[in-house]
Protein chains: 2
Amino acid sequence: MSKLIWKGATLVAPVPPTLVSCGTVEKPNVLTVAWCGIVNSQPPKTYVSIRPERYSYDIIKNSKSFVINMVTTDMVRAVDFCGVRSGRDVDKFKHCKLTAIASQKVTAPTIKEATLSFECKVTDIIPMGSHDMFLADIVSVSVEDNLLSEDGKLHISRAKPIAYAHGSYYKLGAKLGGFGFSVKKKGTSKKR
Amino acid sequence: MSKLIWKGATLVAPVPPTLVSCGTVEKPNVLTVAWCGIVNSQPPKTYVSIRPERYSYDIIKNSKSFVINMVTTDMVRAVDFCGVRSGRDVDKFKHCKLTAIASQKVTAPTIKEATLSFECKVTDIIPMGSHDMFLADIVSVSVEDNLLSEDGKLHISRAKPIAYAHGSYYKLGAKLGGFGFSVKKKGTSKKR
């Protein structure tokens with residue numbers, strides 16, 4: 001094996017291809033954003049990077065709110081469609097059979113069919129080049145109750161999250177371990 | 001099914017748990033960062049969010065350089081260890097049998113055992129609360145040649161990337177489709 005040297009590229013993977021809803025319950029729009037992640041733990045902060053020419057750009061800029069929605073792998077076709085098509089040309093909620101419902105703390109609607117939705121209030125918009133980065137506080141989370149076991153524990157694998165890597169969508173595979181597993185004393189970890 | 005409402009939380013998933021190397025070839029350090037992603041396509045820009053109390057924080061702040069390294073699922077134990085332990089207490093390169101090699105364009109070393117490495121020059125540091133966000137240009141990428149097929153095409157699945165979701169590490173699973181698959185005309189897509 002040897003290393004090839006390439007110029008800079010956006011191949012860091014996997015990233016979350018999320019459905020970002022904006023607008024209002026009455027007039028919702030949605031676009032898919034994979035340039036998304038967590039930037040802070042306390043308080044919980046996230047970002048989405050969006051090209052200014054996207055239809056949703058001005059909607060989010062003006063309303064200062066959006067919702068990051070995670071859907072299951074069964075809905076990967078909708079995730080792809082909402083990344084390719086523009087809300088200027090098609091009602092993506094209608095086309096993808098998505099339902100806009102009221103959020104708790106922001107004007108942007110939540111997608112009813114999502115398993116996990118993160119309501120976000122924009123705090124800063126930073127131009128980066130092709131994209132602008134919207135930094136935001138995650139002010140509320142809605143969770144489908146079927147993701148929880150009877151003891152109230154969240155099982156993210158039940159959400160069947162979609163991963164994005166180098167231009168393709170993937171399922172999550174087998175669990176490899178929990179945070180801190182490498183330093184646990186032998187005999188103290190329980191099978192679960 | 002019904003929705004539970006929680007306060008803000010950092011559950012967006014999956015995110016990439018990457019080995020971030022810093023310092024120099026002679027005195028390298030490495031920490032694991034899952035608060036990492038792409039923020040811009042042209043020019044390619046990324047970020048890592050790091051707590052100021054981490055040992056690597058000042059090293060990266062002073063040198064203005066770091067390298068994001070992706071390793072295969074076989075190395076998940078090293079990924080976990082480098083997120084839990086501090087370079088103040090242990091030589092993590094030595095402990096995890098990692099090799100620091102010279103990068104092309106930054107002082108921070110590349111991890112030889114990585115399949116994909118992204119050399120990054122810091123452009124901005126933005127305090128967020130618990131973490132500071134280091135925004136950076138991706139100025140060079142090194143790729144293990146065994147990730148490429150004979151026609152020079154990158155197969156990211158050969159990198160066996162590790163995903164992080166809600167406190168656990170996962171393999172990537174089955175491919176669900178390529179970007180744009182939902183709008184391809186029937187009969188035009190080739191099996192591959």
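**Exercise 1. Work out where Lys64(A) lies in chain A, and what is notable about its phi.**

Step 1. Lys64(A) sits in the loop that runs between helix H1 (55-63) and E6 of chain A. Helices (H or I, at least four residues) and strands (E, at least two) are DSSP runs, numbered from the N terminus.

Step 2. Now check the backbone: phi of Lys64(A) is near 55 degrees, which is a positive value in a residue other than glycine.

A word on the ground rules: this is a predicted model, where local features need pLDDT of at least 70 and side-chain atom pairs count only at pLDDT 80 or more, while totals for chains, interfaces and linings use all residues. Residues are numbered from 1 along each chain as its sequence is written, chains are lettered from A and ligands numbered from 1 in the order in which they are written, and side-chain values use heavy atoms, with hydrogens and water left out.

**Exercise 2. Find which residue joins Pro14(A) in a cis peptide bond, and which joins Pro43(A) in another.**

Step 1. For Pro14(A), the partner in the cis bond is Ala13(A), with omega at about -5 degrees. Pro14(A) belongs to the loop between strand E1 (3-6) and strand E2 (18-23) of chain A.

Step 2. For Pro43(A), look at Gln42(A): the bond between them is cis, with omega near -5 degrees. Here the loop is the one between strand E4 (36-40) and strand E5 (45-50) of chain A.

**Exercise 3. Trace how E6(A) pairs with E9(A), and how E9(A) pairs with E10(A).**

Step 1. Start with strand E6 (residues 65-70) of chain A, which is joined to strand E9 (residues 116-127) of chain A by six bridges, running antiparallel. Two strands count as paired if DSSP finds at least two bridges between them. Within this pair, Ser65(A) faces Lys121(A) in E9(A).

Step 2. Move on to E9(A) and E10(A): 11 bridges, again in the antiparallel sense. Leu116(A) has Val143(A) of E10(A) as its bridge partner.

Step 3. Look at the turn: E9(A) and E10(A) make a hairpin with four residues between them, and Gly129(A) in that turn has a positive phi of about 140 degrees.

**Exercise 4. Put the strands of the open four-stranded sheet in order, and say why one side of each edge strand has no neighbour.**

Step 1. The order is E11(A)-E12(A)-E12(B)-E11(B), with antiparallel pairing.

Step 2. At the edges stand strand E11 (162-165) of chain A and strand E11 (162-165) of chain B; each has a single partner strand, so one side of each is left without a neighbour in the sheet.

Step 3. How are neighbouring strands turned? By 50 degrees against each other on average, direction ignored. Axes are lines fitted to C-alpha atoms, for helices over the stretch in contact, and angles run from 0 to 180 degrees between N-to-C directions.

Step 4. Add a helix: H2 (residues 76-84) of chain A packs on the sheet, touching E11 and E12 of chain A as well as E12 of chain B, and its direction makes about 125 degrees with that of E12(A). In chain B, helix H2 (residues 76-84) lies across E12 of chain A plus E11 and E12 of chain B, at about 125 degrees to E12(B).

**Exercise 5. Describe what holds chain B against chain A, beginning with how many residues are in contact.**

Step 1. In contact (heavy atoms within 4.5 Å) are 89 residues of chain B and 89 residues of chain A.

Step 2. Strand E10 (residues 132-144) of chain A pairs antiparallel with strand E1 (residues 3-6) of chain B over four bridges. Glu144(A) stands opposite Lys3(B) there.

Step 3. Count the salt bridges (a side-chain nitrogen of Lys or Arg within 4 Å of a carboxyl oxygen of Asp or Glu): there are two between the chains. One of them joins the side chains of Lys3(B) and Glu144(A) (3.2 Å, N to O).

Step 4. Which element of chain B gives the largest share of the side touching chain A? Strand E12 (residues 168-178), with 11 residues.
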